[in-house]
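Student: I'd like a close look at one part of this model: the enclosed empty space, and whatever lines it. After that, please carry on to the ligand and a few single residues.

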Amino acid sequence: MGCREIKLRSFDKQRDTAMVEDLEKKCEVGPRERPFIYMDTMGDPMCRIRNSPEYKMLVAELENELVGVIRGSIKIVTCSSLEDKAKVGYVLGLRVSPLHRRKGIGLSLVKRLEEWFDANCVDYAYMATEKDNEASLKLFMDNLGFVKFRSPTILVNPVSHHVLHISSSVKITRVKVEQSENLYRRFMSRVEFFPHDIDRVLQNRLSLGTWVAYPQGESWDGFDPNRCIPSSWAMLSVWNSGDLFKLRVANVPLACIVCTKIMSLIARAVPFLKLPDLPDVFSAFGFYFIYGVHGEGPQTGVLLHSLCRFVHNLATNCKDCKVIVVEVGGLDGLRHHIPHWEFISCTEDFWCIKPLRNRNNTQFNWSETPPPRALFVDPREV
Ligand SMILES: CC(C)(COP(=O)(O)OP(=O)(O)OC[C@H]1O[C@@H](n2cnc3c(N)ncnc32)[C@H](O)[C@@H]1OP(=O)(O)O)[C@@H](O)C(=O)NCCC(=O)NCCS
């Protein structure tokens, strides 16, 4: 069967929604033998790109059967500490039906999306995958000219039923949206991948707020540049991904499900045993995504840890929020202060990049630059 029979076209909500969601369920990401997580987009397969300034979703059809899908989004970000800007295109949600793989469908979908990037003057295309997703890496690196770029760390912490204690030496304050935009622009605008439309991110209904922590007894003036800032401080914002899509775990042995449920029942019934309170992730669940992690001063670590506990306590009020996810630069020392469970976290997410055009004929090539300490992970791209 040749590629000529494959038809690529834009996603049509009415015609394609059910088929895309069905395809999503059938598509494991990574090795087939182990449990995998898939997304339940709750009737809106475009939900992962809808909040970006520009976006596109394409489907591949083979004799009226929907066999592949891809999403892409475009925005302007900071690409170097000199605050240089670049227009970037993000490739995400690529899925090809297991029955139709190795027929060039994935390759055709990415190439078509690159044409859309080109038409919109995108400087760099980038994508993220797991380091052991051989199919994806071979497709992007061997066939499409992407190169390995950054390796951020994804930290995952379960939400337990207990409210966590927060030290009385730490003061936590919610920051108004306008103030948080000032904070971001003042302290994070030079961070790689910082989105230039941060105001839109912060104003989005999924953004639950921005909080800062500083030592009790010191004062917070919204960082009025004319006033003293606390000796140490930390900040973060929270995005409710569970309002957009749910996650489901598939391919899990039944014994594992039963064991987890029993452990959880015992932990709740007999709390003094101090068994780990395992989250029930076998039915659809949501998560909070923490973004914009930043801090300054000698006590940053302690303050950030308290902020994460605060977010955990916030999540206990959200019925289907079972985990809290944070993604930070692989070299970012702050990650040591973010509570997480090692075995459900991913220490090396794999980001690849490809320059698409020569930017004003300069010699600068972002894809060749070494990784900086910090990295901004946009909650809209999770
Ligand atoms: C990754 C995926 C989209 C590839 O789709 P596909 O239509 O099978 O890919 P193509 O047929 O276009 O492959 C093009 C080239 O990529 C490489 N490739 C694709 N799948 C591969 C695999 N399983 N093993 C090794 N190389 C592979 C090959 O070089 C292939 O060329 P070849 O067949 O001539 O050797 C598909 O495997 C999939 O849906 N996987 C599950 C979801 C996923 O991992 N998505 C990517 C997340 S970023």
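Tutor: The largest cavity comes to about 60 Å³, in what is a predicted model: local features need pLDDT of at least 70 and side-chain atom pairs 80 or more, while totals for chains, interfaces and linings use all residues. Residues are numbered from 1 along each chain as its sequence is written, and side-chain values use heavy atoms, with hydrogens and water left out. A cavity here is a set of points on a 1 Å grid over the protein atoms alone where a 1.4 Å probe fits but cannot get out. Searching the whole structure turns up 1 cavity of 30 Å³ or more.

Who lines the largest cavity? You'll find Leu 155, Asn 157, Ile 290, Cys 308, Ile 324, Val 326, Ile 338 and Pro 339 there, where lining means having an atom within 4 Å of a point. Strands β8 (153–158) and β14 (321–328) each give at least two residues to that lining; strands are DSSP E runs of at least two residues, helices H or I runs of at least four. By class the lining splits into 7 nonpolar, 1 polar and no charged residues.

Now for the ligand. Its shell holds 21 residues, and the closest are Val 96, Gly 104, Gly 106, Leu 107 and Asn 133; a shell residue has a heavy atom within 4 Å of the ligand. That shell mixes 9 nonpolar, 6 polar and 6 charged residues, with Gly counted among the polar ones. At least two shell residues come from each of β5 (85–96), α2 (105–119), β6 (124–130) and α3 (134–143), and α3 makes the largest share, with 5.

The polar contacts (pairs of N or O atoms within 3.5 Å) are worth zooming in on. A backbone N or O atom of Gly 104 sits 2.8 Å from a ligand oxygen, and a polar backbone atom of Leu 94 is 2.9 Å from a ligand nitrogen. Arg 101 brings a polar side-chain atom to 3.4 Å from a ligand oxygen. Alone, the ligand has 910 Å² of accessible area, and the protein covers 80% of that.

Staying with α2, Ser 108 belongs to this helix. Its relative accessible area is 22%, so Ser 108 is partly exposed; buried means under 20%, exposed over 50%, and partly exposed in between (1.4 Å probe, protein chains only). Ser 108 and Gly 68 are 40 residues apart in sequence, with 10.0 Å between their C-alpha atoms.

Arg 9, in strand β1 (residues 6–10), has a relative accessible area of 12%, so this arginine counts as buried. Its side chain makes polar contacts with the side chains of Asp 16 at 2.8 Å and Glu 61 at 2.9 Å.

Follow the chain to the loop between β3 (54–62) and β4 (65–78), where Glu 63 sits. Phi of Glu 63 is near 45 degrees, positive in a residue other than glycine. Asn 64, found in the loop between β3 and β4, also has a positive phi, about 70 degrees, although it is not a glycine. Glu 63 counts as exposed at 60% relative accessibility, and Asn 64 is exposed at 68%.

One last loop stop: Ser 231 lies between β10 (207–215) and β11 (233–240), and is partly exposed at 43%. From Tyr 214 it is 17 residues away in sequence and 7.9 Å away in space, C-alpha to C-alpha.

Notes
Polar contact = N/O pair within 3.5 Å; in protein donor to acceptor, adjacent residues only side chain to side chain. Areas by Shrake-Rupley, 256 points an atom, 1.4 Å probe, with all protein chains shown as cover. 1 Å grid on protein atoms, 1.4 Å probe; cavity = no way out; pocket = protein on both sides within 12 Å on 5 of 7 lines; lining within 4 Å. Points joined across faces, edges and corners; volume = space filled by probe spheres on them.
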